[in-house]
Amino acid sequence: MSTSGVPVLEMRGLSKNFGGIRAVSDVNLSIRPGDRHGILGANGAGKTTVFNLVCGVYPPTSGSVLLAGEDVTTRSIDYRVRKGLGRTFQITNLFQEMTVLENVVLATAMAEAQHNRWFTRVDSLVSPREKAEKVLQRLRLEKTAYRTVAEIGYGQQRELEVALALALDPKVLLLDEFTAGLSQVETASMVELVKGLPEDLAVIIIEHDLDVVFGLVDEMTVMNRGQVICEGSCQDVRENPLVAEVYIGQKRVD
Ligand SMILES: Nc1ncnc2c1ncn2[C@@H]1O[C@H](COP(=O)(O)OP(=O)(O)O)[C@@H](O)[C@H]1O
Ligand SMILES: [Mg+2]
């Protein structure tokens, strides 16, 4: 069965109020396999809340979330992960005394166990270890495989978070400020890693560094005070006077 015509992720009229604050207001977005999509906006624009609504951290005030055409708005986080939603873990989820490889094997094994509860996978003959090794190779992290998390640098720990997300076989991966706190060298390495992600994987990137995001995405959405103020190619966004006013005028200086 071909699902190529169906978006991997759709947000329809997504809104979220926190008390009197309208954090997200009527966001519509359709993401297809292989899309690289950026979400830009100043601090407090509502970007992270959009991800939290997509993941099911809390329910939207109105609107819906669809994964591969299925409405998952009232479904659990776990269900959404099984349907192909991937998000980076926090570093606190890494096991510091275990090796990099062991961390990825564990994530892979847990994902397999979850999947197998629901259906038998065609590739279930591939062992978690083989799969983990492949993920590390793809992300060029194989040199760190036998080092403990505590021994590797901060930038590599952040890269390992991406490896863990990838081990769960996502169809769409959400990256929130994935270069925050990284040095220039670490940022460059992370950008290369994201460029090397599988071509058919859709990736949505929240990023405040314009240079980083312009180099990685084809399309972007700019938010301000919960609302989408501009959508389009990098060129469209660069040339949009409203964006310059509300976003670039407030660009964070780190
Ligand atoms: N769990 C929450 N409870 C109350 N207010 C929240 C919560 N999460 C976010 N907000 C508010 O929603 C708005 C958008 O926040 P956020 O989505 O984190 O913005 P961004 O990621 O673009 O910086 C902000 O005003 C923020 O204070
Ligand atoms: Mg945020």
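Which residues of α5 are buried? In this predicted model, the buried residues of α5 are Arg158, Glu159, Leu160, Val162, Ala163, Leu164, Ala165, Leu166 and Ala167. The helix itself covers residues 154-167, and because each of its 14 residues should contribute 1.5 Å, with the expected span taken over one less than the number of residues, a span of 20 Å is anticipated for α5, in agreement with the 20 Å that separates its end C-alpha atoms. Beyond the helix, α5 is followed by Asp169, a residue whose phi is positive, near 60°.

The protein to which this helix belongs comprises 254 residues, of which 39% count as buried, and its secondary structure consists of nine helices and 10 strands. Among the contacts with a separation of 6 or more, 68% are accounted for by residues that lie 24 or more positions apart.

The surroundings of ligand 1 were examined next. The shell around ligand 1 is formed by Phe18, Ile21, Ala23, Gly41, Asn43, Gly44, Ala45, Gly46, Lys47, Thr48 and Thr49. Two or more residues of this shell are given by each of the elements β2 (21-31) and α1 (47-55), and it is α1 that supplies the largest share, with three residues. In terms of residue character, the shell around ligand 1 divides into four nonpolar residues, six polar residues and one charged residue.

Note on methods. Residues are numbered from 1 along each chain as its sequence is written. Chains are lettered from A and ligands numbered from 1 in the order in which they are written. This is a predicted model: local features need pLDDT of at least 70, side-chain atom pairs count only at pLDDT 80 or more; totals for chains, interfaces and linings use all residues. A residue is near a molecule or strand if its C-beta atom, placed from the backbone, lies within 6 Å of it. Helices (H or I, at least four residues) and strands (E, at least two) are DSSP runs, numbered from the N terminus. Ala, Val, Leu, Ile, Met, Phe, Trp, Tyr, Cys and Pro count as nonpolar, Asp, Glu, Lys and Arg as charged, and the others, Gly among them, as polar. A residue is buried if 20 or more other C-beta atoms lie within 10 Å of its own, exposed if 12 or fewer, and partly exposed in between; C-beta atoms are placed from the backbone. Two residues are in contact if their C-beta atoms, placed from the backbone, lie within 7 Å.
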